[in-house]
Amino acid sequence: MKIWICPGSFDPVTMGHIDIIKRARKMCDHLIIAIGVNDEKKATFTFDERKEFVEKCTKDMDNVEVDTFEGLLINYASKKKATAIVKGLRAISDFEYELQMALLNKKLDEKIETVFLMTSINYSHLSSSAIKSIAKYDGEIKGLVPDVIHDDIYLKLKKGK
Ligand code: PNS
């Protein structure tokens with residue numbers, strides 16, 4: 001069975017992430033959405049909240065599982081017997097960071113590949129942080145996040161104030 005990992009902060013999951021998830025799940029037998037800690041970012045939503053958001057958005061995707069992990073991604077991927085890590089690339093600005101991660105992860109475990117999918121043009125401007133800024137100031141995020149989590153994002157942001 002071909003198991004792939006789609007890692008990220010998902011703080012929160014966006015339409016851009018969902019686009020990558022939908023495409024990646026067709027390329028493997030089982031796709032694990034792995035919500036992890038990015039040491040360079042301070043998360044707004046808790047692990048549980050982020051997991052709940054992704055679960056709501058992927059509940060009809062039969063070969064998709066949602067999980068959280070702490071520690072190194074490559075160790076998690078190896079534990080899950082994954083053959084590849086899949087990530088979305090939006091722009092040149094993503095490339096340098098993602099290339100470094102891919103090369104380091106390859107150095108740590110050469111059996112696990114990193115696969116990049118180019119984000120669809122419709123979502124190339126999207127980021128979780130932009131969505132949080134818009135929602136925090138009561139801007140409209142419809143179409144930027146899946147409808148099933150639209151209201152939850154405003155509610156949870158207000159609760160965290
Ligand atoms: O959505 P993000 O913020 O780009 O996701 C980044 C994430 C969480 C996938 C990345 O920071 C990560 O893999 N964190 C776990 C720690 C790790 O393995 N770091 C890489 C060392 S080479």
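A salt bridge is taken here as a side-chain nitrogen of Lys or Arg within 4 Å of a carboxyl oxygen of Asp or Glu. The structure is a predicted model, and by this rule the count comes to 14 salt bridges.

**Salt bridges**

Aspartate 138 and lysine 158 meet through their side chains in one such bridge, at 3.2 Å from N to O. Because aspartate 138 lies in the loop between helix 5 and helix 6 (147–159) while lysine 158 belongs to helix 6, the pair ties together parts that are 20 residues apart in sequence. Aspartate 138 counts as exposed, at 52% relative accessibility, whereas lysine 158, with a relative accessible area of 44%, is partly exposed. Salt bridges with shared partners also join Asp11, Arg50 and Lys132 into one network.

A bridge within a single helix is formed by lysine 51 and glutamate 55, whose side chains meet at 3.2 Å, N to O. Both residues lie in helix 2 (residues 47–58), four residues apart, which is about one turn of the helix. Lysine 51 is partly exposed because its relative accessible area of 24% falls between the limits of 20% for buried and 50% for exposed, and glutamate 55, at 35%, is likewise partly exposed. For the pair of aspartate 147 and lysine 142, the closest N and O atoms are 3.5 Å apart, and both residues are exposed.

| Salt bridge | Closest N to O distance |
|---|---|
| Lysine 51 and glutamate 55 | 3.2 Å |
| Aspartate 138 and lysine 158 | 3.2 Å |
| Aspartate 147 and lysine 142 | 3.5 Å |

**Backbone features**

Aspartate 138 also has a backbone feature, since its phi is near 60 degrees, a positive value in a residue other than glycine. Phenylalanine 10, not a glycine either, has a positive phi of about 50 degrees; it is found in the loop between strand 1 and helix 1 and is buried, with a relative accessible area of 2%. Proline 12 is found in the loop between strand 1 and helix 1, and the peptide bond leading to proline 12 from aspartate 11 is cis, with omega near 5 degrees.

**The largest pocket**

The largest pocket has a volume of about 1,300 Å³. Of the 47 residues lining this pocket, Gly8, Asn38, Lys41, Lys87 and Tyr97 are the closest to its centre. The lining divides into 20 nonpolar, 16 polar and eleven charged residues. Several elements each supply at least two lining residues, among them strand 1 (3–8), helix 1 (15–24), helix 3 (73–79), strand 4 (84–89), strand 5 (113–118) and helix 5 (128–136), but helix 4 gives the most, with nine residues.

**Helix 4 and the surface**

Which residues form a nonpolar patch on the surface? The patch consists of Ile92, Phe95, Leu99 and Leu103, which together have about 430 Å² of accessible area. Phenylalanine 95 is found in helix 4 (residues 92–108) and counts as partly exposed, at 42% relative accessibility.

Serine 124 has its place in the loop between strand 5 and helix 5, where it counts as partly exposed at 31% relative accessibility. The C-alpha atoms of serine 124 and alanine 77 are separated by 27 Å, the two residues being 47 residues apart along the chain.

Terms used:
Residues numbered from 1 in each chain as written. Predicted model: local features only at pLDDT ≥ 70, side-chain atom pairs only at ≥ 80, totals over all residues. Heavy atoms only, no water. Patch = residues over 30% accessible without salt bridge, like charges linked within 9 Å, V, L, I, M, F, W, Y side chains within 5 Å. Areas by Shrake-Rupley, 256 points an atom, 1.4 Å probe, with all protein chains shown as cover. Buried < 20%, exposed > 50% of the residue type's maximum accessible area, 1.4 Å probe, protein only. 1 Å grid on protein atoms, 1.4 Å probe; cavity = no way out; pocket = protein on both sides within 12 Å on 5 of 7 lines; lining within 4 Å. Points joined across faces, edges and corners; volume = space filled by probe spheres on them. Nonpolar A, V, L, I, M, F, W, Y, C, P; charged D, E, K, R; others polar.
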